[in-house]
Amino acid sequence: MRWISQDRKLNHYRLYPQTSVLRDFFRVNMEDGNHSDTSNTTVSENINSVKQISSAEEALSHKEKSSKTDINCEICGKSFMNSSKLKKHKRLHSREKQFQCEICGKSLNQKSHLVVHVRSHTGERPYHCEICGKRFVDNSTLKTHKQTHTREKSFDCEICGKSYTRNARLVIHKRCHSGERPFRCGTCGKTFVDNGYLTNHERIHSGEKPFRCEICGKSFNQNSKLVSHIRIHTGEKPYRCETCGKSFINNTYLTCHKRFHTGEKLFRCATCGKCFDNNAKLVVHVRSHTGEKPFLCETCGKSFVKNSHLVVHKRVHTGEKPFRCEICGKPFPVHFNLVAHKRTHTGERPYNCDVCGKSYFNKSHLVGHKRVHTGEKPFFCDTCGKSFFSGSNLKRHKMLHSGKKTFRCEICGKSHVTNSDLKRHIRRHVGDKTFHCEVCGKSFFDNSDLIVHIRSHTGERPYHCDTCEKSFMCRSNLNRHKRTHTGEKPFNNGT
């Protein structure tokens, strides 16, 4: 047999200089100038030497692999195969971002992230799904997408059994059990389980909204919010409930919806014990205990517990009413108000009182009505101590103390405490009686007058006297009756 060439041996030696067996092997054979066929004994010795070399190589390889996995992050304890990967990881903690986009100036902590980011400007999506044809900016997003076709979730949580399509998602999930939150905001100190959550949070401080809708111009601080928003324009609702068939614009809404069917409420308030079907509702609820209102109006300084409440409030200053009724053209500042308004056209009253059977256009009216039965008046005036069934009634009452009448009629000059009072007043000038009785056809300026009138047909008398148990169709008649028991004469002219 022919022996291994000297060049190949030298290359092998250069690759594994640490192996003493290999070093001795080359030393002995390189001193021997004859590389021709050897005796059986020499061949046997060489074969044994090669076996020893192979064993030494395996031991060295195992040692190198062991040493690689022992490289741990000093901050969060995560392990890495080599120091370069650890170095990249540490940038997440230090927030170092040395790779800058030449187009928009945004900085990234890894060069690969910069390459992917630039594609958001160029529109390049080089990775495409062979099943549905959808294209993506990077391969990892494509891999995650493909699992939506197979529904494969091979990464299981050992604690709660929940499954994930990616190991990275499982790692983040496990921190919910351990309480570990290694990513800290440098502005407010708030901590997060994932760097992506921290990045989104930091945009609240900076006001950065880099994701812009090309249709309406609205901007967002997260790409996922932009994707969901665009579906409002397109009408796309790709997430469908298998139980009732209802569809949603994103998976988060579908997940929350499914809990209505199961009755599952995983998120519990540590203060009062109340449970919620999603964490966002719990976060808002906790603020009712702490008094925290982190969303501040820059115009008037008023603060709110939810950003959506702030968005709606700002429309008071701007006068914006983006939601318009297709039937009568009336605009509204909030979509919920439009939905409730449309029911006045359709006659739909989906919220029913389980005590008297009375139905309402929206849930808040039903809640206020139920207090008529229970007698609960949770809204108190700080000035006179008077209590009310609803917050709107209390607000209207407080304006009586302030004496402010900011809503002025342009026809006669009379001023009113609330805008609704002004609208009611204007109807009397123009003769607009928009509220019609379906029984007799009689019309009224105000809906409350129609409600009282309908009771003359139904015989309903919901207001009861505590002294003699006599009942009345409206509260004003009850108040007048009570004075017969007390002898009170508030309108005495002194004569």
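**Local packing around helices, histidines and cysteines in a predicted model**

Leaving aside neighbours within four places in sequence, H397 touches C381, C384, K386 and F388. The model in which these contacts occur is a predicted one, and H397 belongs to helix α15, which covers residues 391–402. With a relative accessibility of 11%, H397 falls in the buried class, because that class takes in residues under 20% relative accessible area. A comparable description can be given for H313, which is part of helix α12, residues 307–318. H313 has a relative accessible area of 12% and is therefore counted as buried, and its contacts, again without the neighbours up to four places away in sequence, are with C297, C300, K302 and F304.

For the protein as a whole, 18 helices and 30 strands are assigned. The chain has 495 residues, of which 25% count as buried. About 34,000 Å² of the protein is exposed, and carbon and sulfur atoms contribute 50% of that area. Among contacts with a separation of 6 or more, 8% join residues that lie 24 or more positions apart.

Two helices of twelve residues were examined in more detail. Helix α10 runs from residue 251 to residue 262 and extends 17 Å from its first C-alpha to its last, a span close to the 16 Å expected at 1.5 Å a residue. At the N-terminal end of α10, N250 acts as a cap, with a side-chain oxygen placed 3.2 Å from the backbone nitrogen of T252. The buried residues within α10 include L254, C256, H257 and R259, and the buried part of this helix packs against the strands β13 (239–240), β14 (247–248) and β15 (267–268). An α-helix has 3.6 residues a turn, so residues three or four places apart point the same way. Just after α10, G263 adopts a positive phi of about 75°.

Helix α5, residues 111–122, likewise has twelve residues and reaches 17 Å between its first and last C-alpha, close to the 16 Å expected at 1.5 Å a residue. Its buried residues are L114, H117 and R119, and these pack against β3, β4 (107–108) and β5 (127–128). Just after α5, a glycine, G123, takes a positive phi of about 80°.

The strand β3 also borders the loop in which Q98 is found, since this residue is placed between α4 (83–94) and β3 (99–100). Q98 has a relative accessibility of 45% and so counts as partly exposed. Not counting residues up to four places away in sequence, Q98 touches R91 and L108; of these, L108 is ten residues from Q98 in sequence, with 6.4 Å between the two C-alpha atoms. Another loop residue, E469, lies between β29 (463–464) and β30 (471–472). E469 has a positive phi of about 65° although it is not a glycine, and with a relative accessible area of 67% it is classed as exposed, because the exposed class begins over 50%.

The largest nonpolar core consists of five residues, namely L92, F183, C185, F192 and L198. In soluble globular proteins, nonpolar side chains tend to be buried together. Within this core, C185 is in contact with L198 and also with K190, H201, E202 and H205, when its neighbours within four places in sequence are left aside.

The cysteines were then considered for disulfides, and the count comes to zero. C104 takes part in no disulfide, and the nearest cysteine sulfur to it, that of C101, is 3.8 Å away. A disulfide would require the two sulfur atoms to be within 2.5 Å. C104 is partly exposed, as its relative accessibility is 45%. For C213 the closest cysteine sulfur is in C216, and because the separation is 3.8 Å, the two are too far apart for a bond. In its surroundings C213 is buried, with a relative accessible area of 1%.

Definitions and conventions
Residues numbered from 1 in each chain as written. Predicted model: local features only at pLDDT ≥ 70, side-chain atom pairs only at ≥ 80, totals over all residues. Heavy atoms only, no water. Helix = DSSP H or I, 4+ residues; strand = E, 2+ residues; numbered from the N terminus. Buried < 20%, exposed > 50% of the residue type's maximum accessible area, 1.4 Å probe, protein only. Contact = heavy atoms within 4.5 Å. Areas by Shrake-Rupley, 256 points an atom, 1.4 Å probe, with all protein chains shown as cover. Expected span 1.5 Å × (residues − 1). Polar contact = N/O pair within 3.5 Å; in protein donor to acceptor, adjacent residues only side chain to side chain. Core = buried A, V, L, I, M, F, W, Y, C linked by side-chain atoms within 4.5 Å.
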